[in-house]
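This report walks through one protein chain for a reader at the bench. The sequence and the structure come first, and the account of individual residues and elements follows.

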Amino acid sequence: MVILLVEDNEKVAKGLIYSLTQNKYTIHHKSNVSDTIKFLNSTKNEKYKLDLIILDVSLPDGNGFKLYEKEIKKRELPTIFLTAKDDEDDIVKGLELGADDYITKPFSTKELLARINKIVLRKKKNFIIKVKDIEFDIDKMVVYKNKKEIILTS
């Protein structure tokens, strides 16, 4: 699993990189908005395919909420806000924007890993019932025959 960590605090970043690497995650670290946007634009290459973003809200050259809204959300990448902004309004804003989770600092690395695993499991869950050449995708409520969608009435 490949994670993009966007965190400007070097001590926090080093600790997270160590912990996540020990848990077999591949980590790319960026410390500001502009480097993150450049990296996201380079991830069209399969070599840099991302599975998750851990995003700080307060960055030296911008705001994580705006970065999420303008660059990350359209890519449909699972995102966890990891930030010192612990005001209820900020938490609600982050979740309403579409983030998968919001964790406030200080935080437990074990808790972060558990939340990452939860997102990974949710992403892997793809309930498809298959009988010969017919597939029913329960998550999407779609039926396929020979890999072609069959349009059904309600």
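## Surroundings of V142

Leaving aside residues up to four places away in sequence, V142 touches E135, F136, D137 and E149. The model is a predicted one, and in it V142 belongs to strand β10. V142 counts as buried because its relative accessibility is 12%, which is under the 20% that sets the limit for buried residues. From V142 to L152 there are 10 residues in sequence, while the C-alpha atoms of V142 and L152 are 8.5 Å apart in space.

M141 lies in the loop between β9 (134–137) and β10 (142–145). M141 counts as exposed because its relative accessibility is 60%, above the cut-off of over 50% for that class. Which residues join M141 in a nonpolar surface patch? The patch is made by F127, I129, V131, I138 and M141, and has an area of about 500 Å².

## The chain as a whole

The protein chain has 5 helices and 11 strands, and its C-alpha atoms fill a box of roughly 55 × 35 × 30 Å along the principal axes. Of its 154 residues, 37% count as buried. The accessible surface of the chain comes to about 9800 Å², and carbon and sulfur atoms account for 52% of that area. When contacts between residues at least 6 apart in sequence are considered, 52% of them join residues at least 24 apart.

## Nonpolar cores

In soluble globular proteins, nonpolar side chains tend to be buried together. In this chain the largest nonpolar core has 20 residues, and those that touch the most other members are L4, L40, L50, I53, L55, I72 and F81. Two or more residues of this core are given by each of the elements β1 (2–6), α2 (33–42), β3 (52–55) and α3. Helix α3 makes the largest contribution to this core, with 4 residues. Separate from this core is a second one of 17 residues, whose members include A13, L52, L82 and L112.

## Aromatic pairs

How many aromatic pairs does a search of the whole structure find? The search finds 3 of them, and two are described here. The rings of F65 and F81 form an edge-to-face pair, because their planes stand at 65° with the ring centres 5.2 Å apart; the limit for that class is over 60 degrees. This pair links distant parts of the chain, since F65 sits in helix α3 (residues 64–72) and F81 in strand β6 (residues 79–83), 16 residues apart. Both F65 and F81 are buried.

F81 also pairs with Y102, and here the ring centres are 5.9 Å apart and the planes meet at 45°, so the pair is tilted. This second pair likewise links distant parts of the chain, with F81 in strand β6 and Y102 in strand β7, 21 residues apart. F81 has a relative accessible area of 0% and is therefore buried, and Y102 is buried as well, with a relative accessible area of 8%. F65, Y68, F81 and Y102 together form one aromatic cluster, and F81 is also listed among the residues that touch the most other members of the largest nonpolar core.

## Backbone features in loops

Two residues other than glycine have a positive phi value, K24 and K132. The table sets out their phi values, their places in the chain and their relative accessibility.

| Residue | Phi | Loop | Relative accessibility |
|---|---|---|---|
| K24 | near 70° | between α1 (10–22) and β2 (26–30) | 72% |
| K132 | near 50° | between β8 (128–131) and β9 | 79% |

K24 counts as exposed because its relative accessibility is 72%, and K132 is exposed with a relative accessible area of 79%.

Where in the chain is P106 placed? P106 lies in the loop between β7 (101–104) and α5 (109–124), and the peptide bond that leads from K105 to P106 is cis, with omega near -5°.

Notes:
Residues numbered from 1 in each chain as written. Predicted model: local features only at pLDDT ≥ 70, side-chain atom pairs only at ≥ 80, totals over all residues. Heavy atoms only, no water. Patch = residues over 30% accessible without salt bridge, like charges linked within 9 Å, V, L, I, M, F, W, Y side chains within 5 Å. Areas by Shrake-Rupley, 256 points an atom, 1.4 Å probe, with all protein chains shown as cover. Salt bridge = Lys/Arg side-chain N within 4 Å of Asp/Glu carboxyl O. Buried < 20%, exposed > 50% of the residue type's maximum accessible area, 1.4 Å probe, protein only. Phe/Tyr/Trp six-rings, centres within 6.5 Å; stacked < 30°, edge-to-face > 60°. Contact = heavy atoms within 4.5 Å. Core = buried A, V, L, I, M, F, W, Y, C linked by side-chain atoms within 4.5 Å.
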